[in-house]
Amino acid sequence: MITYEVELAVPETVDADLAGESRTIEVDEDEYVLAAARAADVWLPADCQQGWCTTCAAELLEGEVDHSAAKRYYDVDRRADLVLLCVAKPRSDLRVLTHQQEAMLDHRAANSLPPGRSKR
Amino acid sequence: MSEDKPHASGSVEPGDTSTRVGMEVLRERGLDPEELREKLIDAIGAEFTTYYYYTNLRMHLAGHEDYKEITEDARLEDRAHFELVAPRVYELGGHLPNDIRDFADRASCPDAEVPVPSDDEGGRLRVEDLTAEQVLEVLLEAERCAIRTWSEVCDMTRDVDPRTYDMAQRILQEEIEHEAWFVELLSMERDGEINPAGHFVRGEPGDAPYSTNRRFNDSA
């Protein structure tokens, strides 16, 4: 089993205990980043946990993830470095900017994709 | 005396119908009513689409009449969840999307489609190899998504918005029961394992013992 280091950078502007801080956790290669974070007492936003609703969206600042379990994820998301932490398995050490649902919704709307196109 | 003492309305002017005290009291307590409202539209979008998809999934459980009955309970109760919370969206100054496609697009849970490909011509489902196990897996994961959604709503509203919290916790109770039903059925169907849900049968199909809204009429 390979374990990766994942740095979770929490924006200063969000209403969260770790606002403005970073926390590094260990995530196994077959583990989702969101579940690992919550298990490590880092509470990140999420809803469906099936890679659909985008509540858990984050920006991938560094590294590679496996998104194959996502129910709704597009190539344009990948190209924009937007990831869904609930279904993201690390394939390298990662650095991610958490709490990016609004950015994801804007991005989806700009590409006429759900759910952004119905919420903007 | 009454002319000297206008109605006590806080920051809302007496007679002002453009603002709702029912929303302002949430804002005063740190909950953004507009954010909650949008979350609720997403959540009941999922209940509504699930009601539709369960109708279709249930059609494909021929020969498993017990599974069909349980799926029918879950299906009708998901509609009850939609109807319980839809009024709350309006109380919070919102409305249902005019276009049902927008409603489905923004549903907070995945489409619970029959898990088979469809023919290119006419979209007819290729169900020759479809099994009850596959259908039960879709049903189970749909319930799990709903549990997560309503847990999030409970987190948002606990100690702040008793009305929405009451609705969300009622729905959550039934979604947790639904998960238990499908865990039991899938355990036996797929693994030959006894994994009891521990529940008694509903009084009538889709009884929704926790979440039934006031009926519009007897046929609802």
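**Exercise 1. Work out how much of the contact in chain B comes from residues far apart in sequence, and describe the chain around it.**

Step 1. Take the contacts (heavy atoms within 4.5 Å) in chain B with a separation of 6 or more: residues 24 or more positions apart account for 73% of them.

Step 2. Before going on, know what you're looking at: this is a predicted model, where local features need pLDDT of at least 70 and side-chain atom pairs count only at pLDDT 80 or more, while totals for chains, interfaces and linings use all residues. Residues are numbered from 1 along each chain as its sequence is written, chains are lettered from A and ligands numbered from 1 in the order in which they are written, and side-chain values use heavy atoms, with hydrogens and water left out.

Step 3. Now list the elements. Chain B has six helices and zero strands (DSSP runs, H or I of at least four residues for helices, E of at least two for strands, numbered from the N terminus).

Step 4. Add the overall numbers. The C-alpha trace of chain B spans about 75 × 45 × 35 Å along its principal axes, and 43% of its 220 residues are buried (under 20% relative accessible area, with a 1.4 Å probe and protein chains only).

**Exercise 2. Find which residues of helix α1 of chain B are buried, and where they sit on the helix.**

Step 1. The helix covers residues 21-28, and Met23(B), Glu24(B) and Leu26(B) are buried in it.

Step 2. Look down the axis of α1(B): the buried residues fall within an arc of 155°, so they line one face of the helix. That arc is taken from the directions from the helix axis to the C-beta atoms.

Step 3. What lies over them? The cover includes α2 (33-59) and α3 (65-91) of chain B.

Step 4. Just past α1(B), check Gly30(B), which has a positive phi of about 95°.

**Exercise 3. Describe how chain A meets chain B.**

Step 1. Count residues: 17 of chain A are in contact with 17 of chain B.

Step 2. Get the area. About 1300 Å² is buried between the two chains, with carbon and sulfur atoms giving 41% (accessible area, 1.4 Å probe, lost on putting the parts together and summed over both). On the chain A side, Asp47(A), Gln50(A) and Trp52(A) lose the most, together 42% of what that side buries.

Step 3. Look for charge pairs. The rule finds four salt bridges across the interface (a side-chain nitrogen of Lys or Arg within 4 Å of a carboxyl oxygen of Asp or Glu). Arg38(A) and Glu152(B) form a salt bridge at 3.6 Å, N to O.

Technical notes
Buried means under 20% relative accessible area, exposed over 50%, partly exposed in between (1.4 Å probe, protein chains only).
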